[in-house]
Amino acid sequence: MFRLTVRDRVMIAHSFRGEIFGPAQRTHGATYIIDAEFRSETLDGHNLVIDIGLAHDALHNVLKQINYQNLDQLTAFKGQNTTTEFLAQWIWQQIAEQIANGNLGDHPLCGLLITLKESDVAWAVYDSPLG
């Protein structure tokens, strides 16, 4: 299995609903480091998993939708607890849609893994096959 990973970061504000979240029910900020890992069983005709520039642009373009935003105020997240796990899946879905639409070129991708690092001791992952 071949893997290519790109990284970016995003700063957001949000709050959670539910007593389980304790003080995080109040509005608070988070700075996430996000890794997007593209997977392929084979390389393409140029010996690439995916063009690294296109991969980085795809991640960056998704993240700019939420960067410096209060997620509680965005229509896309209305009624959701925007946990680290939830956001990992949301980012995966946004990039997978770009791949399906051919926006990242014609590469034999078989999987995508998104990692959101909330700190050096806590992170969440969403990993799923493509196609």
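Q: In this predicted model, which residues of the largest nonpolar core touch the most other members?
A: Let's start in the middle of the fold. Nonpolar side chains tend to be buried together in soluble globular proteins. Here the largest nonpolar core holds 34 residues. Those that touch the most other members are Ile34, Phe38, Ile66, Ile91, Ile95 and Ile114.

Q: Which element gives the most residues to this core, and how many?
A: Several elements chip in: S1, S2, H1, H2 and S4 each supply at least two residues. The top contributor is H2, with eight residues.

Q: Which residues does Ile66 contact, once its neighbours within four places in sequence are left aside?
A: Ile66 is among the core residues that touch the most other members. With those sequence neighbours set aside, its contacts are Val10, Met11, Ile12, Leu71, Leu74, Phe77 and Trp90.

Q: In what order do the elements run from the N terminus on?
A: There are two helices and five strands to place along the chain. Reading from the N terminus, they come as β-β-α-β-α-β-β.

Q: What is the radius of gyration of the chain, and how does it sit against the globule rule?
A: For 131 residues the globule rule gives 14 Å, and the chain comes out close to that, so it is as compact as a globular protein of that length. The C-alpha trace spans about 50 × 30 × 20 Å along its principal axes, and buried residues account for 43% of the chain. The radius of gyration itself is 16 Å.

Q: Which strands are the edge strands of the sheet?
A: The five strands form an open sheet with mixed pairing, in the order S3-S1-S2-S4-S5. An edge strand pairs on one side only. That picks out strand S3 (69-70) and strand S5 (123-129).

Q: How many bridges join S4 to S5?
A: Strand S4 covers residues 109-117, and S4 and S5 run antiparallel. As one example of how they line up, Leu116 stands opposite Ala124 in S5. The number of bridges joining the two strands is seven.

Q: What angle does the direction of H2 make with that of S4?
A: Helix H2 (residues 84-100) packs on the sheet and touches S2, S4 and S5. Its direction makes an angle with that of S4 of about 145°.

Q: Which strands does H1 lie across, and at what angle does it run to S1?
A: Helix H1 takes in residues 52-63. It lies across strand S1 (2-14) and strand S2 (28-40). Its angle to S1 is about 20°.

Q: Is Asn70 buried or exposed?
A: Asn70 sits in strand S3, and beyond its sequence neighbours within four places it contacts Ala13, His14 and Thr27. A polar atom of its side chain lies 2.9 Å from the backbone nitrogen of Asp72. Its relative accessible area is 19%, and the cut-off is under 20%, so Asn70 counts as buried.

Q: And Arg26: buried or exposed?
A: Arg26 is in the loop between S1 and S2. Not counting residues up to four places away in sequence, it touches His14 and Ser15. Its relative accessibility is 59%, and the cut-off is over 50%, so Arg26 counts as exposed.

Q: How far apart in space are Arg26 and Leu116?
A: Arg26 belongs to the S1-S2 loop, while Leu116 faces Ala124 in S5. In sequence the two are 90 residues apart. From C-alpha to C-alpha, the distance is 21 Å.

How values were computed: Residues numbered from 1 in each chain as written. Predicted model: local features only at pLDDT ≥ 70, side-chain atom pairs only at ≥ 80, totals over all residues. Heavy atoms only, no water. Pairing = 2+ DSSP bridges. Helix = DSSP H or I, 4+ residues; strand = E, 2+ residues; numbered from the N terminus. Contact = heavy atoms within 4.5 Å. Axes fitted to C-alpha atoms, helices over the stretch in contact; angles between N-to-C directions. Core = buried A, V, L, I, M, F, W, Y, C linked by side-chain atoms within 4.5 Å. Buried < 20%, exposed > 50% of the residue type's maximum accessible area, 1.4 Å probe, protein only. Polar contact = N/O pair within 3.5 Å; in protein donor to acceptor, adjacent residues only side chain to side chain. Rg over C-alpha atoms; globule rule 2.2 N^0.38 Å.
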